[in-house]
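Here is a short briefing for someone opening this structure for the first time. Take a look at the model, then work through the points below.

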Amino acid sequence: MNKPIRTRAITGTALALAVSAVLTACGGESTSSSDTKAESTPQAKAVAVKDPLVATFDGGLYVLDGESLKVAATIELPGFNRLNPAGDDDHVIVSTDAGFRVLNAAEQSFTGVEYKGAKPGHVVRHADKTVLFTDGTGEVNVFDPDDLEGGKKPQGRTYTSAEPHHGVAIELSNGELLSTLGTEEKRTGALVLDKDNKEIKRNEKCPGVHGEAAAKGEAIGIGCEDGILIYKDGTFTKVDAPDDYGRIGNQSGSDASPVLLGDYKTDPEAELERPTRISLIDTETGKLRLVDLGTSYSFRSLGRGPDGEALLLGTNGALHVIDPETGKVDKKIPVVDKWQEPLDWQQPRPTLFVRDNIAYVSEPGQRKLHAIDIESGEKVTSVTLPKTTNELSGVVAGH
């Protein structure tokens, strides 16, 4: 059933003021050509925007009104920056060179809350908790996103991995913490800690572990180079890929479906593999289904609809709406021009971000951003932005 878009409008006067606001923000050492910390002086007081989106560009961030998609504020921030929802209605986590920073997207300003550390990595929202994994230190930070209100750093749980690595962690509703195992050279699996950070489970049969997703019934999947590892009801279960090397490195889950959506790659030697098949993993039966869509995609192409639909943005320019139970493509919605994934993973490419019944799709080559109603397939809104954008995210309350 189609869910209504939440109210996101602001008045014309408020928008005019917000557009003119340029807010101060500082970045760490840049991974691009500039390592200068940017500063700017606000020209007008920012007006709060409901359900904002945030997009990165080379040199900063755009905060966008969630309904009109118009720029409400521009924030200067040098370097390659990444975005994730913080887990509430106001905040977005920005990964910078120096660590995680909390942006109050509704008010278009950084709060001052930071989790410093080299190579900030995955941000996971689950069971009303947000979990940050810092690759350079192996540190895990867990907090209630509602505690971000007021601009103070939340009091939360911490854990440090035995070795720093490109990892991920997730806290379950019963207080268990699942966190990956590995070193900078090799990643092997995951362990589970109780509420007191005491290890209670471990599985090291997941080579190259990467990414996570939660399915209906709180089944947690983490990707491997030979399938996927599922943790559910206190037990690890390995679902093997049909190929010796069958990497599922990126996954997307939904509370409305027991089936996880994953990518699927089979060439360990490829500089950049452009797969056309996706994986659908049933966490109840342990069955893995491969579906060939006839188009390639990127790691920013996967998403889920409000009723558990599997969504994929293909290089053919279409948003594919897939029944996760059968693998059938129910509809193909034309959204952007045909595109090709760049060799450098930090370079812009069309990106999918889903909130409620709306799929937001960026089109960097045209400097455009589109809002698509998933059920009807209609393009609700489309705008042209001042600069080419890269990452795209927004505020999303936790589940």
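Does Arg 367 count as buried, partly exposed or exposed? At 35% relative accessibility, Arg 367 counts as partly exposed. This is a predicted model. The protein chain has 34 strands and one helix. The points below start with the whole chain, then turn to two sheets, the disulfide and some single residues.

**The chain as a whole**

- The protein chain has 399 residues, and 55% of them count as buried.
- About 16,700 Å² of the protein chain is exposed. Carbon and sulfur atoms supply 45% of that area.
- Take the contacts between residues at least 6 apart in sequence: 48% of them join residues at least 24 apart.

**Sheet S5-S6-S7-S8**

- Strands of a sheet pair through backbone hydrogen bonds, and the pairing is either parallel or antiparallel.
- Here four strands form an open sheet, in the order S5-S6-S7-S8, with antiparallel pairing.
- Strand S5 (82–85) and strand S8 (109–116) are the edge strands. Each of them pairs on one side only.
- From one strand to the next, the twist averages 25°.
- Inside the sheet, strand S6 (residues 91–96) pairs with strand S7 (residues 99–104). This antiparallel pairing runs over six bridges.
- Val 92 has its bridge partner in S7: Leu 103.

**Sheet S26-S27-S28-S29**

- Another open sheet has four strands in the order S26-S27-S28-S29, and its pairing is antiparallel.
- Which strands stand at the edges? They are strand S26 (302–304) and strand S29 (329–334). Each has a single partner strand, so one side of each is left without a neighbour in the sheet.
- Neighbouring strands of this sheet are turned by 20° against each other on average, direction ignored.
- S26 pairs with strand S27 (residues 310–313) in the antiparallel sense, over three bridges.
- Leu 302 has Leu 312, in S27, as its bridge partner.

**The disulfide**

- How many disulfides does the structure hold? It holds one.
- Cys 206 and Cys 224 form the disulfide, and their sulfur atoms are 2.0 Å apart.
- The link of Cys 206 and Cys 224 is left-handed, with -105° about the S-S bond.
- Cys 206 lies in the loop between strand S16 (199–203) and strand S17 (210–215), while Cys 224 lies in strand S18 (residues 219–224). The pair therefore ties together parts that are 18 residues apart in sequence.
- Cys 206 and Cys 224 are both buried.

**Thr 188, in contact with Cys 206**

- Thr 188 sits in strand S15 (residues 187–193).
- Its relative accessibility is 17%, so Thr 188 counts as buried. The cut-off for buried is under 20%.
- Leaving out residues up to four places away in sequence, Thr 188 touches Cys 206 of the disulfide. The residues it touches also include Leu 181, Gly 182, Asn 203, Glu 204, Lys 205, Pro 207 and Val 209.

**Ser 279, a buried residue**

- Ser 279 belongs to strand S24 (residues 277–282).
- Why does Ser 279 count as buried? The reason is its relative accessibility of 0%.
- Gly 262 is 17 residues from Ser 279 along the chain, yet their C-alpha atoms are separated by 4.9 Å.
- Neighbours within four places in sequence aside, Ser 279 is in contact with Ile 248, Leu 260, Leu 261, Gly 262, Asp 263, Tyr 264, Leu 288, Arg 289 and Leu 290.
- One of these contacts, Asp 263, offers its backbone oxygen to Ser 279: the Ser 279 side chain reaches that oxygen at 3.0 Å.

**Two loop residues with positive phi**

- Asp 356 is found in the loop between strand S30 (352–355) and strand S31 (358–363).
- Phi of Asp 356 is near 55°, which is a positive value in a residue other than glycine.
- With a relative accessible area of 29%, Asp 356 is partly exposed.
- Arg 367, the residue of the opening question, lies in the loop between S31 and strand S32 (368–373).
- Phi of Arg 367 is near 60°, again a positive value in a residue other than glycine.

Definitions and conventions:
Residues numbered from 1 in each chain as written. Predicted model: local features only at pLDDT ≥ 70, side-chain atom pairs only at ≥ 80, totals over all residues. Heavy atoms only, no water. Buried < 20%, exposed > 50% of the residue type's maximum accessible area, 1.4 Å probe, protein only. Contact = heavy atoms within 4.5 Å. Pairing = 2+ DSSP bridges. Axes fitted to C-alpha atoms, helices over the stretch in contact; angles between N-to-C directions. Disulfide = S-S within 2.5 Å. Polar contact = N/O pair within 3.5 Å; in protein donor to acceptor, adjacent residues only side chain to side chain. Areas by Shrake-Rupley, 256 points an atom, 1.4 Å probe, with all protein chains shown as cover.
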